[in-house]
Amino acid sequence: MSGVRILHVDDEPDIREVVDLSLGLNPEFDVRACSSGAEAVVTATEWSPRLILLDVMMPGMDGPATLARLREDSRTAAIPVLFMTARAQTREIEHFIALGAEGVICKPFDPMTLAFQVQSHLQALDRA
Amino acid sequence: MAGIAQIVRNASPGHLAADAASMAVDACPNAMVLTDSAGRIVLVNTETERLFGYPREELIGNTIEALLPERLREGHVRARREFTLSPAPRRVGADQNLLGQHRDGREFPIEIGLYPIQRGRNAMVLSVIVDNAEGERTDRLKDEFVSTVSHELRTPLTSIAGSLGLLIGGAAGPLPEPALRLIRIAQNNSQRLVRLINDILDIEKIESGQIVFNFKRLSARALAEQVIDANRGYADGFHVRVRLDEAAAAGEVYADPDRLSQVIVNLLSNAIKFSPPDGEVDVAIKEDRASVRVGIRDRGNGIPKEFRPRIFEKFAQADATDARKKGGTGLGLSIVKQIVTRLGGTVGFADAPGGGTVFFFDLPAWEQVAACKTDTENGMHAARILLCENDPDAALALRESLRPVGFITDFAYSAADAFAQLQNGRYDAIVVDTDALDGGIGLVRDLRAQPATYKIPIVALSAGGGSEQYGQDCARTDGAQTNLTEWMHKPVDADRLAQILDRAILHRGDSRPSILHVDDDRDMLEIVAQTLDSTASIISVDSIESARYALLTHNFDLAILDIGLGAVSGLDLLPDLRRKDAPIPVIIFSALAGNLKDNPQIRANLNKASAASLRDLVSAVHDRLILQSAQVAQETG
C-alpha cells in the first residue's frame with residue numbers, strides 16, 4: 001500500500017481503534033498505531049510516516065518526551081507531529097507548538113471529521 | 001478535678017469567673033496570644049506552646065514576631081503599628097500566605113484573628129492563631145482528585161463518543177432507524193458528560209488560580225459579533241433569533257478574549273435555551289467613561305423568586321428536569337461569575353420590561369484601566385517601581401501592598417507598554433510577571449540588552465504551578481541573559497518583595513550606567529547631562545583635578561573626554577582611566593576629534609571612540625553601553 005503514511009500513538013487501545021476507523025474514512029491514508037512513545041520512535045525511524053498523531057499523557061515516555069526524541073534523530077527530526085490532548089488552554093497549546101508540534105487536536109475529537117482535520121494540516125504543510 | 005475543687009474553695013464569684021475564663025482560654029483548641037501595645041507577649045495558652053514548640057515562660061516578654069520566620073518579622077512590625085492606629089477586629093493570613101515558624105525552624109501556614117482589647121490606658125491585642133496546614137493539604141488533595149478523575153473520565157469518553165459518532169456517521173454501514181435513535185440518545189448524553197467535565201475542570205482551574213488570563217485591549221462589540229455568528233447554528237436548533245443592538249457601543253475593555261468569549265457564549269446559550277420557539281434574544285452594549293455593560297435579554301418565563309439568590313451557585317438549576325432536557329450542566333452561570341470577577345467586573349440580572357430576563361456584566365472600560373498605569377501617589381523619598389503585569393487587579397493589589405512601605409508603583413500591561421513607560425520615566429527597579437506578560441522571560445532579556453536597564457534590579461514573578469513545564473523552561477534560562485535580582489513564586493509575599501526591592505535598590509544606588517563627563521565648557525556639560533539623562537547617571541566635571549577626585553569616589557561605566565581643557569589636555573586623564581581595576585572605556589568628544597587618528601596616546605587605548613557632534617556622541621554612548629551590557633550578560637552566563 002502506498003498511501004499517505006500516518007502514525008498514531010496512544011496508550012489506550014479503544015482510542016487507537018476509533019482513530020484507526022476515523023482516519024480510515026480517507027482511503028488515501030495508510031495508518032499504523034503504536035501504544036507507547038518508545039514504540040513510536042522505533043516505528044517512525046523505520047517506516048518514515050508523513051505525519052504523527054501523538055497522545056500527550058502516556059505512561060513512561062509521554063508525548064512531549066517522545067517528540068523531543070524524534071527531533072534528536074535526523075531521520076525523524078522533520079516529521080510533522082500533531083498532539084492529541086484533552087481540552088488544553090491557549091498557553092498549553094502555545095507550549096506544545098513551542099516544543100515543535102505542528103498543532104493540537106483536542107479530545108474528545110469528532111470522529112467524522114478527524115481525517116479531514118489531518119488532511120487540512122497536511123495541505124497547510126505542503127503549502128508552507 | 002483537683003483544680004476545680006481548688007477553685008471552688010477559693011472562690012468569690014469574681015474569682016470563679018476569672019479562673020473559669022483562664023481555664024477556657026487554656027483549653028481553647030486554637031492558639032491564643034495576648035500582646036501589649038509594644039507587641040510583647042503577655043499571655044499564651046497551651047495550644048500556642050504545642051503549635052510553636054516553645055514553653056510559655058520563653059514566650060512571655062518576647063515580641064510576637066518571635067513566632068514568625070525572620071524574613072517576615074520586619075513587615076509584621078509595620079502591620080502591627082498600622083493595626084494600633086486603627087484597631088478593629090480582623091482576620092489575616094487566609095489569602096496572604098502568612099507563615100508561622102516552629103521552634104525547630106519548620107514553617108507552616110497560619111490564619112490569625114486579631115481582636116483589640118482596651119484595658120484602661122493599655123491597648124492590648126488578642127491574636128487567635130489557626131494552623132492552616134490541614135486546610136491547604138485538603139485543598140491540594142481535592143484539586144488533584146478533581147484533575148485525576150476528570151482525566152480518567154475523559155479517556156473512556158473519547159472512545160465512547162468517538163464510536164457513537166462513527167456509527168451515526170455511517171462508518172459501519174447503514175443502521176435501522178430505531179437503532180439510530182437509541183445511538184443518538186447515547187451520543188447526546190456522552191456529549192453532555194464531556195461538557196460537564198469541561199465545566200468542572202474550568203471551575204476548578206479558575207478557583208485554584210491555575211488559569212492564566214491573557215489580558216488584551218479589545219472591543220466587546222467585535223467579540224460579541226463573533227460569538228453570535230459562531231452560535232447561529234445553535235440558535236437555529238431552538239428556532240430562536242439572536243440580534244445585536246444596532247446602537248451597540250464598541251465597548252473597549254481590557255480582558256482575556258478567550259475567557260470573555262466564554263462568558264458571552266454561556267449567557268447567550270442560556271438565553272437561547274430558555275427562549276420560547278420563534279423567540280428573540282437581544283444583545284446590547286453600553287459604555288460610559290468608567291465601564292462597559294454587555295446585556296443579553298431573553299423572552300423566557302423569567303427566574304423564579306426562590307431561585308434568585310442561588311442562581312450563580314454551582315449546580316444551581318431552577319428546574320433540574322427542564323435544565324437537563326435542555327442539556328445544561330448547572331455550572332455555566334457560576335463560570336460566568338468567576339470569570340467576570342477575575343476580569344475585575346460584576347455580573348447581575350433583572351426582569352426585562354415586557355417579560356423575560358436580562359443578564360448583564362460590567363467591566364472596567366479600557367480608559368479607566370489605562371488611567372491606573374501611573375501611580376498618582378507621590379512620596380518624596382519613595383522608590384519608583386515599574387510593575388510589568390497584565391492583570392490589572394493583581395497589579396493594583398501589589399501596588400496597595402507596596403505603597404505603605406515606601407514604593408510608588410507604575411504599571412506596564414505589555415512588553416511594548418514597558419518600553420514606553422521606561423522612555424517616559426526613571427525607575428529604581430522593575431518587577432516582571434513572566435507568566436502573564438507577552439514575551440514572558442523574553443522581556444527580561446530585552447530589558448537587559450538596553451543601556452538604560454542593563455543594571456537595574458529586576459525581580460521575576462512566576463506561578464510555577466499551573467503550567468509547570470513553562471515555569472521550568474523559564475527557570476532554565478534564568479541567569480544566562482537575565483541576571484535576575486530574584487525569582488519569586490506567586491502568590492507574591494508582598495513583604496518579602498519589598499525587602500528584596502529595598503535591598504537591591506540600596507545596593508545598586510542609581511541603577512543606570514554611570515558616566516564621567518570632563519569638559520571645561522559648562523554649557524556643554526549641561527547640554528550633555530540633559531541629553532543623556534534618560535540613559536545614564538552623569539557626573540559632570542570641568543577640570544582634570546575634579547575628574548581625578550570623581551574617579552576616586554565613584555565607579556564609572558564610561559568616560560566622555562574633551563581634549564582641550566584650558567591649558568592642559570583631557571588626554572592626560574587617560575592613564576588614570578586605565579589604572580583602575582577595570583579600564584573605563586572612553587569617548588573623545590571634542591571639536592578636534594576628527595584629527596586624532598594619528599595620536600599615539602589614543603592608539604595606545606583600545607576602548608575608545610570619538611565623536612564630533614552631539615548626535616555622534618549619543619549614538620557612540622549608546623553603542624558603547626550596549627556592548628557593555630552584552631559583556632555583562634556574557635560574564636554572568
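This report walks through the sheets, helices, cores and chain contact of a two-chain structure. The model is predicted, so please read the values below as computed from it.

**Chain A: a parallel sheet with helices on it**

Let's start with chain A. Its open sheet has five strands in the order β2-β1-β3-β4-β5, and the pairing is parallel. At the edges sit β2 (29-34) and β5 (103-107) of chain A, each of which pairs on one side only. From one strand to the next, the twist averages 20°.

Where β1 (residues 4-9) of chain A meets β2(A), six bridges join the two parallel strands. One of the positions to look up is A:L7, whose bridge partner in β2(A) is A:R32. Helix α1 (residues 13-23) of chain A packs on this sheet and touches β1, β2 and β3 (51-55) of chain A. The direction of α1 makes about 175° with that of β2(A). Helix α5 (residues 114-127) of chain A also packs on the sheet, where it touches β1, β2, β3, β4 (81-86) and β5 of chain A. For α5, the angle with the direction of β3(A) is about 125°.

Helix α3 (residues 63-72) of chain A is a nice case to view end-on. Its buried residues are A:G63, A:T66, A:L67 and A:L70. They line one face of the helix, because they fall within an arc of 100° when seen down the axis of α3(A). As background, residues three or four places apart in an α-helix point the same way, since there are 3.6 residues a turn.

**Chain B: antiparallel strands around β5**

Chain B has 637 residues, of which 36% count as buried. Its secondary structure comprises 23 helices and 25 strands. Among its contacts with a separation of 6 or more, 65% are between residues 24 or more positions apart.

Strand β5 (residues 107-119) of chain B is a handy place to look at pairing in detail. The table lists three antiparallel partners of this strand.

| Strand paired with β5(B) | Bridges | Example pair |
|---|---|---|
| β3 (residues 90-92) of chain B | three bridges | B:V92 and B:I112 |
| β4 (residues 99-101) of chain B | three bridges | B:Q101 and B:E107 |
| β6 (residues 122-131) of chain B | ten bridges | B:L114 and B:S127 |

Two of these pairings are hairpins. Between β4(B) and β5(B) there are five residues, and B:G105 in the turn has a positive phi of about 95°. Between β5(B) and β6(B) there are two residues, with B:G120 in the turn at a positive phi of about 60°.

**Cores**

The largest nonpolar core has 117 residues, and those with the most contacts inside it are A:I52, B:I385, B:A429 and B:I430. Helix α10 (residues 257-273) of chain B gives the largest share of this core, seven residues. A second, separate core has 31 residues, including B:I515, B:L516, B:L525 and B:V621.

What is B:A429 in contact with, leaving aside its neighbours within four places in sequence? The partners are B:A383, B:I385, B:I456, B:P457, B:V459, B:L501, B:A504 and B:I505.

**Where the chains touch**

The contact between the chains takes 22 residues from chain B and 21 residues from chain A. On the chain B side, α6 (133-168), α7 (177-207) and α17 (468-477) each supply at least two residues. The largest share of that side, eleven residues, comes from α6(B). By class, the chain B side has eight nonpolar, twelve polar and two charged residues.

Conventions
Residues are numbered from 1 along each chain as its sequence is written. Chains are lettered from A and ligands numbered from 1 in the order in which they are written. This is a predicted model: local features need pLDDT of at least 70, side-chain atom pairs count only at pLDDT 80 or more; totals for chains, interfaces and linings use all residues. A nonpolar core is a set of buried Ala, Val, Leu, Ile, Met, Phe, Trp, Tyr and Cys residues joined through C-beta atoms within 7 Å. A residue is buried if 20 or more other C-beta atoms lie within 10 Å of its own, exposed if 12 or fewer, and partly exposed in between; C-beta atoms are placed from the backbone. Helices (H or I, at least four residues) and strands (E, at least two) are DSSP runs, numbered from the N terminus. Two residues are in contact if their C-beta atoms, placed from the backbone, lie within 7 Å. The arc is that of the directions from the helix axis to the C-beta atoms. Ala, Val, Leu, Ile, Met, Phe, Trp, Tyr, Cys and Pro count as nonpolar, Asp, Glu, Lys and Arg as charged, and the others, Gly among them, as polar. Two strands pair if DSSP finds at least two bridges between them. Axes are lines fitted to C-alpha atoms, for helices over the stretch in contact, and angles run from 0 to 180 degrees between N-to-C directions.
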